[in-house]
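Please look over the structure below, and then read this report beside it, moving from a single side chain to the chain as a whole.

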Amino acid sequence: QHFKRGISAMSYPKVSALIATAGQRPQLLRKTVQSMFDQDYAGELEIIVVFDYVEIDDLSDLTAPANRTLRTIVNNQTKGLAGGRNTAVAAATGEYAGFCDDDDYWYPHRIAAQISLWQQNPEAVAISSSIMVRTDGKDVERSAPAVASFDDLLESRIIAIHPSTTLFKREDILPDGRIGLVDENLPHGYGEDYEMYLRATRFGDIHS
């Protein structure tokens, strides 16, 4: 990991964790939400789960600890991942926001490390990280570059910069923000994360 630990005592901004789900993986979804409850970040963390195509599961069997909140809502935008994510963005109230797939989870230090890195690099347009991929029973780390620019992303998709590991300023990904919403008009939502990264890096680099 390229993270540098340590957050300024003066700032623990509120962070929104945004999950879009079609309700097909309820146990994995619970693991995802629990990993957010278990963050070692001292600031407030709100988790918003958007359900698509299915009735809302209120996840009432999960108990949010102090400084954590959980909301479950229905997708009120275009059906599919992009619309679900945009529904979550509209409902979020954090200064920062990050998406997560319903079959991924966050290591406990993720948010604290990313906020620390952003405080050290305030010019960044987003903060990401490396990812660990489990395949055939093995964990394989895919390392993200310390800095990725627009030109870097044109040259390579950089798979290690993943939507489940990237944190944005929420104001940037609102409809009138400089990056804007996830594009709901891409055919079948294909490559929506890559397209969003290309728009984002017009305004700065992604740090990891």
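In this predicted model, the side chain of Glu192 makes a polar contact with the side chain of Arg85, at a distance of 2.9 Å. Glu192 lies in helix 5, and, with a relative accessible area of 7%, the residue is buried because that value falls under the 20% limit. Apart from its neighbours within four places in sequence, Glu192 is in contact with Leu81, Arg85, Val182, Asp183 and Leu186, so that Arg85 appears among its contacts as well as in the polar pair.

Helix 5 covers residues 192-200, and its buried residues are Glu192, Asp193, Met196, Tyr197, Leu198 and Ala200. Which elements do the buried residues of helix 5 pack against? They pack against two other helices and three strands, as follows: helix 2 (81-91), helix 4 (150-155), strand 4 (96-100), strand 9 (167-169) and strand 10 (206-207).

Arg85, the partner of Glu192 in the polar contact, is one of the buried residues of helix 2. That helix is mostly covered, since nine of its eleven residues are buried, and these are Ala82, Gly83, Gly84, Arg85, Asn86, Thr87, Ala88, Val89 and Ala91. The cover over the buried residues of helix 2 includes helix 5 and strand 4, together with strand 1 (15-21), strand 2 (45-51) and strand 3.

Strand 3 (residues 68-74) holds Ile73, which is buried, with a relative accessible area of 18%. Not counting residues up to four places away in sequence, Ile73 touches Thr87 and Ala91, and also Ile48, Val49, Val50, Phe51 and Ile56. Thr87 and Ala91 are both buried residues of helix 2. The C-alpha atoms of Ile73 and Ala92 are 11 Å apart in space, while the two residues are 19 residues apart in sequence.

A further residue to compare is Val133, which is found in strand 6 (residues 131-135). Is Val133 buried or partly exposed? With a relative accessible area of 24%, Val133 is partly exposed. Leaving out neighbours within four places in sequence, Val133 is in contact with Lys138, Asp139, Val140 and Arg142. Val133 and Asp104 are 29 residues apart along the chain, and their C-alpha atoms are separated by 9.4 Å.

The table sets out the burial of the three residues described above.

| Residue | Relative accessible area | State |
|---|---|---|
| Glu192 | 7% | buried |
| Ile73 | 18% | buried |
| Val133 | 24% | partly exposed |

We can now turn to the chain as a whole. The protein chain has five helices and ten strands. Its radius of gyration is 16 Å, close to the 17 Å that the globule rule gives for 208 residues, and therefore the chain is as compact as a globular protein of that length. Taken along the principal axes, the C-alpha atoms fill a box of roughly 40 × 40 × 40 Å.

Of the 208 residues, 50% count as buried. Among the contacts with a separation of 6 or more, 72% are accounted for by residues 24 or more positions apart. On the outside, the protein chain exposes about 9900 Å², and carbon and sulfur atoms supply 50% of that area. As for charge, the chain has 20 positive and 30 negative side chains, and the centres of these two sets lie 3 Å apart.

Notes
Residues are numbered from 1 along each chain as its sequence is written. This is a predicted model: local features need pLDDT of at least 70, side-chain atom pairs count only at pLDDT 80 or more; totals for chains, interfaces and linings use all residues. Side-chain values use heavy atoms; hydrogens and water are left out. Helices (H or I, at least four residues) and strands (E, at least two) are DSSP runs, numbered from the N terminus. The radius of gyration is taken over C-alpha atoms; the globule rule is 2.2 Å times the number of residues to the power 0.38. Buried means under 20% relative accessible area, exposed over 50%, partly exposed in between (1.4 Å probe, protein chains only). Contact means heavy atoms within 4.5 Å. Accessible areas come from the Shrake-Rupley method with a 1.4 Å probe; for residues, only the protein chains shown count as cover. Lys and Arg count as positive and Asp and Glu as negative; His and the chain ends are not counted. The place of a charge is taken as NZ of Lys, CZ of Arg, CG of Asp or CD of Glu. A polar contact is a pair of N or O atoms within 3.5 Å; within protein, one must be able to donate a hydrogen and the other to accept it, and residues adjacent in sequence count only if both atoms are side-chain atoms.
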